[in-house]
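Q: I would like to learn how to read empty space and charged pairs in a protein model. Where should we begin?

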Amino acid sequence: SWFELGEVTNNLFAFKVANRLKAQIPQAWPPKHPSLAGAIPNALRFAADPSTTKNFDGTDARIDDPFSRLTPFLQIFDKVPAGMNYDGWGFMTELYKKARRAQRISLTDQNKRDFVYETLCDYTGRDWIYFFNAWGITVSNIAQAKKAGLPKMLQRIWEYNPLTRTGGDGLIPTAWIPYSNTGWTIHSFSSEEAGGEGPVNGYARAIVDGNVNTFWHSRWSAGGFTAPHWIVFDMGAVQPVDGFVFTQRQSLTRNLKNVRVELSNDAATWTVVQGSPFTLTQTAPAQEIRLTEVLHARYIRVTVPTTADVFDGTQFAALAEFTALHP
């Protein structure tokens, strides 16, 4: 149980007891708590949000509540038996068993998230990364690489409502899934506005903070910096890539119009992605660029070649968020 889960673990036991009792006492399900009627629908709306920057452990009002954070665990426990040959509620026991027998204690919250992900993948024989991405639960690149050989869990279980026991039967209709970028780092950049936009905005690292309301801005102080503007993103390891997601600065100023994207395994030798430069729109929602083949790289370089490639037509540029898509 990582820090933000709070009382989630305790509350799950109430649901486990209710599940056992429901055969003799149908009204035992779901447990009766006044917060559930609002919290779980809120959580389902959070999971359905297509944003690539969701954070399960953040302060979004739809999920920042111990009753809302019950939802993905209840979905796993209660929905898995619908189409599998094992007991979803048995996964709760499996977690405790694996935790007791672990050779090393999970010392960090990320270790604990990875432990849940890896244990679920092992228990079901499927890779649940789409489910974890839908909930905005960060899984490290190391953990993902360990389970990359398993078949993907394609069922949209994050749509299952554990109160009504309905939904969650559909399958993912597309192979494009966004990476969580909050584990990425900025390798290098042409310029950034250090301080002139406030304590967070302006800096290149704002593009990978999971927050669409912060942004990178090319340097405008001390004489400014003109195009080409570029930023190199480090995904931490060589990863499959079959698209990109750009989110413009939400004020819709200094927005990018045309971008060149290049990939590299060593940040020294670069390959221009076929179809690049890509054209974006001057709109606030995230914009997906989908490729026709799966490429592999560790580093991604995004370049705004000229001032004509910024909607304002000025020498400056800005961007709120960037990530890549994967199969």
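A: Begin with the term itself: a cavity is a set of grid points where a 1.4 Å probe fits but cannot get out, whereas a pocket is an open set. Rolling a probe the size of a water molecule over the atoms shows where empty space is left. The model here is predicted.

Q: How many cavities of 30 Å³ or more does the count come to?

A: The count comes to two cavities of 30 Å³ or more. The largest cavity has a volume of about 60 Å³, and the second largest about 40 Å³.

Q: Which residues line the largest cavity?

A: The lining of the largest cavity is made up of Ile-207, Trp-216, His-229, Trp-230, Ile-231, Phe-233, Leu-256, Val-302, Val-304 and Leu-319. Two elements, β4 (229-247) and β8 (287-304), give two or more residues to this lining. The largest share, four residues, comes from β4.

Q: How does the lining of the largest cavity divide by class?

A: The lining of the largest cavity has nine nonpolar residues, one polar residue and no charged residues.

Q: Which residues line the second largest cavity, and what is their class?

A: Pro-72, Phe-73, Ile-76, Val-116, Phe-131, Phe-132 and Ile-137 line the second largest cavity. The elements giving two or more residues to that lining are α3 (71-79) and α6 (129-134). The largest share, three residues, is from α3. By class, the seven residues are nonpolar, with no polar and no charged residues in the lining.

Q: Let us turn to open space. What volume of space lies in the largest pocket, and which residues are closest to its centre?

A: The largest pocket holds about 1100 Å³ of space. Its lining has 47 residues, and the closest to the centre are Asp-49, Pro-50, Ser-51, Thr-52 and Lys-54. Elements that give two or more residues to the lining are α2, α6, β1, β4 and β8. The largest share, four residues, comes from α6. The lining residues of the largest pocket divide into 20 nonpolar, 16 polar and eleven charged.

Q: Where does the largest pocket stand with respect to the domains?

A: First, the division itself: the chain is divided into domain 1 (3-172) and domain 2 (185-325). The centres of domain 1 and domain 2, taken over C-alpha atoms, are separated by 33 Å. The lining of the largest pocket draws at least three residues from each of domain 1 and domain 2.

Q: What lines the second largest pocket?

A: The second largest pocket has a volume of about 560 Å³. Its lining counts 19 residues, of which Arg-104, Ser-106, Phe-115, Glu-118 and Lys-146 lie nearest the centre. At least two lining residues each are supplied by α4 (90-101), α5 (109-124) and α7, and the largest share, six residues, comes from α5. The class count for this lining is six nonpolar, five polar and eight charged residues.

Q: Now the charged pairs. How many salt bridges does the structure hold?

A: A pair is counted when a side-chain nitrogen of Lys or Arg is within 4 Å of a carboxyl oxygen of Asp or Glu. The structure holds 18 salt bridges. In one of these, the side chains of Arg-62 and Asp-49 meet at 3.0 Å, N to O. Both Arg-62 and Asp-49 lie in the loop between α2 (36-48) and α3, 13 residues apart. Arg-62 is partly exposed at a relative accessible area of 23%, and Asp-49 is partly exposed at 22%.

Q: Which parts of the chain does the pair of Arg-165 and Asp-78 tie together?

A: The side chains of Arg-165 and Asp-78 meet in a salt bridge of 2.8 Å, N to O. Arg-165 lies in the loop between α7 (141-147) and β1 (177-178) and Asp-78 in helix α3, so the pair ties together parts that are 87 residues apart in sequence.

Q: Are the two partners, Arg-165 and Asp-78, buried or partly exposed?

A: Buried means under 20% relative accessible area. Asp-78, at 12%, therefore counts as buried, whereas Arg-165, at 27%, counts as partly exposed.

Note on methods: Residues are numbered from 1 along each chain as its sequence is written. This is a predicted model: local features need pLDDT of at least 70, side-chain atom pairs count only at pLDDT 80 or more; totals for chains, interfaces and linings use all residues. Side-chain values use heavy atoms; hydrogens and water are left out. Domain bounds come from an automatic or database domain assignment. On a 1 Å grid over the protein atoms alone, a cavity is a set of points where a 1.4 Å probe fits but cannot get out, and a pocket is an open set with protein on both sides within 12 Å along at least five of seven lines; lining residues have an atom within 4 Å of a point. Grid points are joined across faces, edges and corners, and a volume is the space filled by probe spheres set on the points. Ala, Val, Leu, Ile, Met, Phe, Trp, Tyr, Cys and Pro count as nonpolar, Asp, Glu, Lys and Arg as charged, and the others, Gly among them, as polar. Buried means under 20% relative accessible area, exposed over 50%, partly exposed in between (1.4 Å probe, protein chains only).
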